[in-house]
Number of protein chains: 2
Amino acid sequence: MTSASVQNYLKAIYQLQENSETVTTTALAQHLDISAASATNMIKKLARLKLVRHSPYHGVELTTAGEKMALEVLRHHRLIELFLAEALDVPWELVHAEAEKIEHVISEDLEDRIANFLGDPERDPHGDPIPTKAGTVERPEYQSLLDVGAGQSAVIQRVSDQNPEHLKHFSKLGLIPDATVDVLSREPFDGPLRVRVASGREHTLDETLARAIWVTPTVEKKAYRAKSKSHV
Amino acid sequence: MTSASVQNYLKAIYQLQENSETVTTTALAQHLDISAASATNMIKKLARLKLVRHSPYHGVELTTAGEKMALEVLRHHRLIELFLAEALDVPWELVHAEAEKIEHVISEDLEDRIANFLGDPERDPHGDPIPTKAGTVERPEYQSLLDVGAGQSAVIQRVSDQNPEHLKHFSKLGLIPDATVDVLSREPFDGPLRVRVASGREHTLDETLARAIWVTPTVEKKAYRAKSKSHV
DNA sequence: TAAAAAATTTAGCCGCGACTAAATTTAGTT
DNA sequence: AACTAAATTTAGTCGCGGCTAAATTTTTTA
Ligand SMILES: [Mn+2]
Ligand SMILES: [Mn+2]
Ligand SMILES: [Mn+2]
Ligand SMILES: [Mn+2]
């Protein structure tokens, strides 16, 4: 019923809302790689459809109906990602691009069958929560690996799926959801991060990479370096 | 690269060519449920792209390039049908509609993974041959169940996937590829057909249904009714 | 073989979702 | 507070793939 374009806009607005309260035309345009004028155009259409509230020159916000639609698309997307990974061994840096297209064309019946096949999963391969059929979704507050102090260890909860090259790199290093990492040291001024993974291997992550990994800290292993939060 | 519309037109032309040498604008329009004017429009575009030869007022024909593209789409379609049936138990009357959409959005890599998962299959769930990656396809000459004489038996090779209600009915009766049917009797003037399936159950099929089932005849089981081809 | 019917193409239109260039509004700076 | 820069919207255009109505060509029928 609603076009793939409308679905992509709603999904983008939802994802931008996760970071900042209100979503600007420019942010939306950049996220979707289109011109600002095109974004304005679609925003006006979405407002007509009562899927967003538009405060001209100030930003856009999903209505309840708009958020529900966004979550439906997001559910499709993440179920498909996991399904491709599980059923066909598609590597996790490729599932996003495939899901971006397939999410718009599957029936509700197929969605249900995929969810059932996967045992009603709660996370996609990157650790992102899968919205429920009812239209709810978890919003766990993770910490960026960047903000973990030296000497602390943490469990990876999710990894940004935006950059396939980064994903490929992360899986090579063992930086995947549920893996434990020890932060060894941190260069000043947001410099690179030295980490050790469960296998014992040590790796250096620059700021951009570390920012794409979200974790929950575990209890500190070693006491000889107690300074953590205030450090750096 | 090429749009879903172009792909659907090419596929439609290919399938119409299987029955009649040349494909008319009207036949194409009916097949795709669009106006004749729209069909003409797209035909001219396809001709510009060298995917068809158009003889105005007389019909259209795929070029080698057009046929290759049609077969690529058809390969996607049939692999997806079989994959949905095998991996997710989607009933065979539903796989066609899903595949009709998904066929346009999967990558070549995903196509390869699906083919590999299925063990490079040769037939889709309805018995239709799956084109190879190289762009070739079998064109077996089956006989309609309608043309099998009383007393003969036959092995079902394929069943038309055009009508979901018919498919549902066929699977209920056990009329699926590789099943053996005995034709018991045939009413005159293309009247209904009485058949027995392997389970021993007997069913009556009207002309439309019988025409949708394609078979290869087997050796005759019983000699007391030797008249076969000339009978009816 | 001429007239009628059917098939096909042409002409003109529309909604969608993109674009650029120009106008407008808002935010930042001195 | 005025000026400037940045963000946003408006205006106008385009290609795509549909549509209807009218013109044209082919086929059928009388
Ligand atoms: Mn998408
Ligand atoms: Mn993901
Ligand atoms: Mn299709
Ligand atoms: Mn089929």
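Which residues coordinate the manganese ion (ligand 4)? In this predicted model, the donors are B:Glu81 (OE), B:Asp124 (OD), B:His126 (ND1) and B:Asp161 (OD), at 2.2 to 2.5 Å. Two other topics are covered below: the surface near DNA strand C, where 21 residues surround the strand, and the interface of chain A and chain B, which buries about 1,500 Å².

**Manganese site**

- The donor residues of the manganese ion (ligand 4) follow the sequence spacing E-x42-D-x1-H-x34-D.
- B:Asp124 and B:Asp161 link distant parts of the chain, being 37 residues apart.
- B:Asp124 sits in the loop between α6 (108–117) and β3 (143–144) of chain B, while B:Asp161 sits in the loop between β4 (153–159) and α7 (164–173) of chain B.

**Surface near DNA strand C**

- The closest residues to DNA strand C come from both protein chains: A:Ser3, A:Ser38 and A:Lys45 from chain A, and B:Thr26 and B:His54 from chain B.
- Sugar or phosphate accounts for 80% of the strand C atoms within 4 Å of the protein, and bases account for the rest.
- The side chain of A:Ser3 places an N or O atom 2.5 Å from a phosphate oxygen of DNA strand C, and for the side chain of A:Ser38 the corresponding distance is 2.6 Å.
- From chain B, a polar side-chain atom of B:Thr40 is 2.8 Å from a phosphate oxygen of the strand.
- Four helices each supply at least two residues of this surface: α1 (4–17) and α3 (36–48) of chain A, and α2 (25–32) and α3 (36–48) of chain B.
- By class, the residues near DNA strand C are 9 nonpolar, 10 polar and 2 charged.

**Interface of chain A and chain B**

- Each side gives 19 residues to the contact, in chain A as in chain B.
- Of the area buried between the two chains, 67% is on carbon and sulfur atoms.
- On the chain A side, the residues that lose the most area to chain B are A:Leu88, A:Val105 and A:Arg113, which together make up 36% of what that side buries.
- The interface has 0 salt bridges, but 5 residue pairs are in polar contact across it, both residues at pLDDT 80 or more.
- In chain A, α4 (64–88), α5 (95–102) and α6 (108–117) each supply at least two residues of the side that touches chain B.
- The largest share of that side, 5 residues, comes from α6(A).
- The side of chain A that touches chain B is made up of 13 nonpolar, 1 polar and 5 charged residues.

Terms used: Residues are numbered from 1 along each chain as its sequence is written. Chains are lettered from A and ligands numbered from 1 in the order in which they are written. This is a predicted model: local features need pLDDT of at least 70, side-chain atom pairs count only at pLDDT 80 or more; totals for chains, interfaces and linings use all residues. Side-chain values use heavy atoms; hydrogens and water are left out. A residue is near a molecule or strand if one of its heavy atoms lies within 4 Å of it. A polar contact is a pair of N or O atoms within 3.5 Å; within protein, one must be able to donate a hydrogen and the other to accept it, and residues adjacent in sequence count only if both atoms are side-chain atoms. Ala, Val, Leu, Ile, Met, Phe, Trp, Tyr, Cys and Pro count as nonpolar, Asp, Glu, Lys and Arg as charged, and the others, Gly among them, as polar. Contact means heavy atoms within 4.5 Å. Buried area is the accessible area (1.4 Å probe) that two parts lose on being put together, summed over both. A salt bridge is a side-chain nitrogen of Lys or Arg within 4 Å of a carboxyl oxygen of Asp or Glu. Donors are N, O and S atoms within 2.8 Å of the metal (3.2 Å for Na, K and Ca); water is not among the atoms, so sites may look incomplete.
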